[in-house]
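Hello,

Here is the structure I promised to pass on. Please open it and keep it beside this email while you read.

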Amino acid sequence: MNHPRDYSYYEAHAADVNLDDITSSEHNKQILQWLRDGYGVPSIDRYRSINVGGRWCDDFAIREGDDLGWLAYFIGRSKSLRKLRIRGFSEFDDEEGWICTPEDEREEQRMVHALSGAIARNRSIQGISVDNLSNDGFAALAGALVNLNLTQLERFYCYSSRNSDPLIDCATLGNLLESGVWNLKELSLSHSNISDTGVAALANGLRSIGSSLEELDLIYNSIGSEGLSTLAAALANCTNIKRLDLNGNDFSMAAAGLRSLSNWLQTAALTLDKLCLIDCDITDEGLQVLAEGAMDNCKSIDLSENRNITASGWR
């Protein structure tokens, strides 16, 4: 993997660069060709989305022979790319779990640095997805994004199956949301173990994006009663939200938090289409306080897999 050169170099040589010389495979060559031309690869033409990451990435898997500078250049100048998915370099071992070697971490940092510059120049990307980046990799990406005026960005997703605490830098992301440079419609931080502390760090950011937000996904994030109360208060300005996913958080002792959620649902300006509370260990008491707000202010609520709710609780 070659180190990026000065931007003027790419501008001067873009018309005559041989794609075979800057890619490790025919598949990666086709992706660069699509980024350059904006068409020609049916699988990308349909969704205008590419995945970039380590050797386990199922799209542009970065290997020896791939030039990160050229990849970043073509992403930055693309007018057709709508979604960029950035995947980490970790590998999964059945015995040791997620492994990221020092060399993998260095390559991941180089990738993040190159892609941050590409995103800064691009004006067509509407969605960014981050999968299984190391903590340092995510922090570097989020830190770079804070300084970018990405007004066209509508969707930001972060997912991780790594075991770490937490999996994203919520303070940095909260500052990013609070900066006002994004008008997000969808925010997903699923399986990121942000906990109540992470919700508190995100709160001001959620207040700031306010009415633009339509979907929020916080499933399996170790959120409890305090975090739920904080979240309900932070969503006060999100009057256009249509879907809220909180599956897999532990609300077994969250009557106070569910009361806050119920009060939020009763906000006159809000009509939620879908509230997902699957597998949250909600009890009869929690269901009772939630029902007061959900009955007339939520079109659909999914409470499946809440095995602590008894027959009397459902009445």
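**Helix H7 and what follows**

In helix H7 (residues 170-178), the buried residues are Cys170, Thr172, Leu173, Gly174, Leu176 and Leu177. An α-helix has 3.6 residues a turn, so residues three or four places apart point the same way. Look for that on the screen. Just after H7 comes Gly180, with a positive phi of about 80°.

Bear in mind that this is a predicted model.

**The whole protein**

The protein has twelve helices and twelve strands. Of its 315 residues, 50% are buried. The exposed surface comes to about 14,100 Å², and carbon and sulfur atoms supply 44% of that. Now take contacts between residues at least 6 apart in sequence. Of these, 82% join residues at least 24 apart.

**The sheet**

Ten strands make up an open sheet, and their pairing is parallel. The order is E2-E1-E3-E6-E7-E8-E9-E10-E11-E12. Why do strand E2 (60-61) and strand E12 (298-302) each have one side without a neighbour in the sheet? Both stand at the edges with a single partner strand each, so one side of each is left free of a neighbour there.

Helix H10 (residues 255-265) packs on this sheet. H10 touches strand E10 (243-245) and strand E11 (272-276). The direction of H10 makes about 165° with that of E11.

One pair is worth finding. Strands of a sheet pair through backbone hydrogen bonds, either parallel or antiparallel. Strand E8 (residues 186-188) pairs with strand E9 (residues 215-217) in the parallel sense, over three bridges. Glu186 has Glu215 in E9 as its bridge partner.

Best wishes

Notes:
Residues numbered from 1 in each chain as written. Predicted model: local features only at pLDDT ≥ 70, side-chain atom pairs only at ≥ 80, totals over all residues. Heavy atoms only, no water. Pairing = 2+ DSSP bridges. Helix = DSSP H or I, 4+ residues; strand = E, 2+ residues; numbered from the N terminus. Contact = heavy atoms within 4.5 Å. Axes fitted to C-alpha atoms, helices over the stretch in contact; angles between N-to-C directions. Buried < 20%, exposed > 50% of the residue type's maximum accessible area, 1.4 Å probe, protein only. Areas by Shrake-Rupley, 256 points an atom, 1.4 Å probe, with all protein chains shown as cover.
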